[in-house]
Amino acid sequence: MDFQALQQRLRRFAADRDWQPWQTPKNLAMAMTVEAAELLEIFQWLTPEQSLSLGDDQRRHLGEELADVLLYLVQIADHGGVDLEAAVERKLAMNAVKHPPLQKP
């Protein structure tokens, strides 16, 4: 996914609607948590097994909520001046050191 192109699309989308005054990292983070709660709601009363075998409508809804969270995340990075791709690579490297592979016998 080309995050820079997506950020440009999202900037244009917001500008076309005069949303820029509200597009602050704080407001975007708050909106993202609302969307994350909607994501959680999909799984709220499911067993672990049910959560692994969603129906078509549930999977479509899951995709919509995941997209909402991702779009807000990309906007937070954009408005916060964070290179999201570099941050992800750095975090993966940190996690690899913090959580090394299991030693197999």
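The lining of the largest cavity divides into 1 nonpolar, 4 polar and 2 charged residues. This is a predicted model. The residues in question are Gln7, Leu10, Arg11, Gln23, Gln75, Asp78 and His79. Two elements each give two or more residues to this lining: helix H1 (3-16) and helix H4 (56-80). The cavity has a volume of about 30 Å³. The structure holds 1 cavity of 30 Å³ or more.

**The largest pocket**

The largest pocket has a volume of about 170 Å³. Its lining is made by Leu10, Phe13, Ala14, Trp19, Gln23, Leu28, Asp68, Leu71, Tyr72 and Gln75. H1 and H4 are the elements that give two or more residues to this lining. The largest share, 4 residues, comes from H4. By class, the pocket lining has 7 nonpolar, 2 polar and 1 charged residues.

The two spaces can be set side by side.

| Space | Volume | Nonpolar | Polar | Charged |
|---|---|---|---|---|
| Largest cavity | about 30 Å³ | 1 residue | 4 residues | 2 residues |
| Largest pocket | about 170 Å³ | 7 residues | 2 residues | 1 residue |

Some names recur. Leu10, Gln23 and Gln75 are among the residues that line the cavity. Leu10, Gln23 and Gln75 are also among those that line the pocket.

**Glutamine 75**

Where does glutamine 75 lie? Glutamine 75 is part of helix H4. Its relative accessibility is 10%, so glutamine 75 counts as buried. The cut-off for that label is under 20%. Beyond its neighbours within four places in sequence, glutamine 75 is in contact with Leu10, Gln23 and Leu28. Each of these three partners is also found in the lining of the largest pocket.

**Helix H1**

H1 has 14 residues, which at 1.5 Å a residue should span 20 Å. The end C-alpha atoms of H1 are 20 Å apart, in agreement with that expectation. Phe3, Leu6, Gln7, Leu10 and Ala14 are buried in H1. Viewed down the helix axis, these buried residues fall within an arc of 100°, so they line one face of H1. An α-helix has 3.6 residues a turn, so residues three or four places apart point the same way. What covers the buried residues of H1 includes H4 and H5. On the other side of H1, the exposed residues are Gln4, Arg9 and Asp16.

The buried set of H1 also meets the two spaces. Gln7 and Leu10 are among the residues that line the cavity. Leu10 and Ala14 are among those that line the pocket.

**The loop between H1 and H2**

Aspartate 18 lies in the loop between H1 and H2. Its phi is near 55°, a positive value in a residue other than glycine. Most residues other than glycine have a negative phi. Is aspartate 18 buried or exposed? Aspartate 18 has a relative accessible area of 55%, so this residue is exposed. The cut-off for exposed is over 50%.

Glutamine 20 is found in the loop between H1 and H2 too. At 42% relative accessibility, glutamine 20 counts as partly exposed. Leaving out residues up to four places away in sequence, glutamine 20 touches Ala14 and Ala15. Ala14 is one of the buried residues of H1.

**Helix H2**

Helix H2 covers residues 25-43, 19 residues in total. From its first C-alpha to its last, H2 reaches 27 Å, close to the 27 Å expected at 1.5 Å a residue. Which residues of H2 are buried? They are Leu28, Ala31, Met32, Glu35, Leu39 and Ile42. Seen down the axis of H2, the buried residues fall within an arc of 105°, so they line one face of the helix. The buried residues of H2 pack against H4. Lys26, Leu40 and Glu41 are exposed on the other side of H2.

Leu28 links several of these points. Leu28 is one of the buried residues of H2. Leu28 is one of the residues in contact with glutamine 75. Leu28 is also one of the pocket-lining residues.

**Lysine 91**

Lysine 91 is found in helix H5 (residues 84-98). With a relative accessible area of 44%, lysine 91 is partly exposed. Lysine 91 and leucine 28 are 63 residues apart in sequence. In space, the two lie 22 Å apart, C-alpha to C-alpha.

Notes:
Residues numbered from 1 in each chain as written. Predicted model: local features only at pLDDT ≥ 70, side-chain atom pairs only at ≥ 80, totals over all residues. Heavy atoms only, no water. 1 Å grid on protein atoms, 1.4 Å probe; cavity = no way out; pocket = protein on both sides within 12 Å on 5 of 7 lines; lining within 4 Å. Points joined across faces, edges and corners; volume = space filled by probe spheres on them. Nonpolar A, V, L, I, M, F, W, Y, C, P; charged D, E, K, R; others polar. Expected span 1.5 Å × (residues − 1). Buried < 20%, exposed > 50% of the residue type's maximum accessible area, 1.4 Å probe, protein only. Arc of directions from axis to C-beta. Contact = heavy atoms within 4.5 Å.
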